[in-house]
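Dear colleague,

Please find below the structure that I agreed to pass on to you. My notes on it follow directly after.

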Amino acid sequence: MPEIIDAWMQIPSRSFLLNPMFDSLRRWPTAWREIADNNPDISCDEVVRDFAEQGVSKVFASAWCGPGGEIISNDSVAAAVNANPDRVMGIASVDIRKPMDAVRELRRCVKQHGFKGLRLLPWLWGLPPDDRRYYPLYAECIELGVTFCLQVGHAGPLMPSEPGRPIPYLDYVAHEFPELRIVGGHIGFPWVSEMISLMMKYPNVYVDTSAYKATRFPEELVNYMRGAGRGKVLFGTNYPMLTPADCLRGIEALELEDNVLQMFLSGNARQAFSLD
């Protein structure tokens, strides 16, 4: 079994699983609904064990912070990292309305707990990533040597999708911060071609396939993965929405060369998050 790194997942709490904001996701026949209905108090140990049994070596576990406050706290992610240092890597989230507090919190997460990146969701804030409130955090990510992660494409929760459009918003960011490593989550659908164009244009821009099963990858993305994009696409689940098994099922149908498959499953994550 090749090494597998999940670029985007959450270690969920009951409040996260049952948050009304995610009602639309629980309507779908996914792992989210099954876990919320049957095991909403799932523990970190259970999640880590399940991922290991499904062949995942390491995960980037994301905190969540939005206008309503913390949904998954940085400290809860830090606890998961400390309990499973060989398997769990932390991704911070902060309140962008308080720029200096946000910068200090990101710095704390990286320096005290070894977090590997920052994730902010444009749809959650209702602000595209070229908004001025993000900019101090981009500079701090560069200074700390960590990766900036965001959602690209349409929003699954019932929120407007426009802030997730790659062009023009993310294009501005990648142009103005060429040193910033950027990982766009969730493929970028329905603007996949825009996301691919940014990855071709900017060396430090990547995308992950979280929230999509291998059988649902757009053809243009698969073609890109086989060719010029072999070093640009990262495997992800968006657990608890999907499990690793869900996302890996049918992966052989992508007809990726062995070295390209290994880059997709782990090598590109190591590059995008500077793990090596």
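How are helix 6 and helix 8 oriented relative to each other? The model is a predicted one, and the angle between the two helices settles the matter. The axes of helix 6 (residues 99-113) and helix 8 (residues 135-144) cross at roughly 25° and come within 10 Å. Angles under 35 degrees count as roughly parallel, and helix 6 and helix 8 are therefore roughly parallel to each other. Their crossing is right-handed.

Helix 6 contributes Pro99, Ala102, Val103, Leu106, Arg107, Val110 and Lys111 to this contact. From helix 8 come Pro136, Leu137, Glu140, Cys141 and Leu144. Of the residues in the contact of helix 6 with helix 8, 9 are nonpolar and 3 are charged, while no polar residue takes part.

I turn next to the sheet. It is an open sheet of 8 strands with parallel pairing, and the order of the strands is 1-2-5-6-7-8-9-10. At its edges are strand 1 (5-9) and strand 10 (233-234), each of which pairs on one side only. Helix 10 (residues 192-201) packs on the sheet, where it touches strand 8 (182-185) and strand 9 (205-208). The direction of helix 10 makes about 140° with that of strand 9.

Strand 7 deserves a closer look. Which strands does strand 7 (residues 147-151) pair with in the sheet? On the one hand, 4 bridges join strand 6 (residues 117-120) to strand 7, and these two strands run parallel. Along this pairing, Arg119 stands opposite Cys149 of strand 7, and Leu120 stands opposite Leu150 of strand 7. On the other hand, strand 7 is joined to strand 8 by 4 bridges, again with the strands running parallel. Here Phe148 stands opposite Ile182 in strand 8.

Are the residues of strand 7 buried or exposed? The side chains of Thr147, Cys149 and Gln151 point one way from the strand, those of Phe148 and Leu150 point the other way, and all of these residues are buried. Because 5 of the 5 residues of strand 7 are buried, this strand is largely enclosed by the rest of the structure.

I suggest that you follow these notes with the model open, beginning with the two helices and then moving to the sheet.

Yours sincerely,
A colleague

Key
Residues numbered from 1 in each chain as written. Predicted model: local features only at pLDDT ≥ 70, side-chain atom pairs only at ≥ 80, totals over all residues. Heavy atoms only, no water. Pairing = 2+ DSSP bridges. Contact = heavy atoms within 4.5 Å. Axes fitted to C-alpha atoms, helices over the stretch in contact; angles between N-to-C directions. Parallel < 35°, antiparallel > 145°, perpendicular 65-115°, else oblique. Left-handed = near helix turned anticlockwise from the far one by under 90°. Nonpolar A, V, L, I, M, F, W, Y, C, P; charged D, E, K, R; others polar. Buried < 20%, exposed > 50% of the residue type's maximum accessible area, 1.4 Å probe, protein only.
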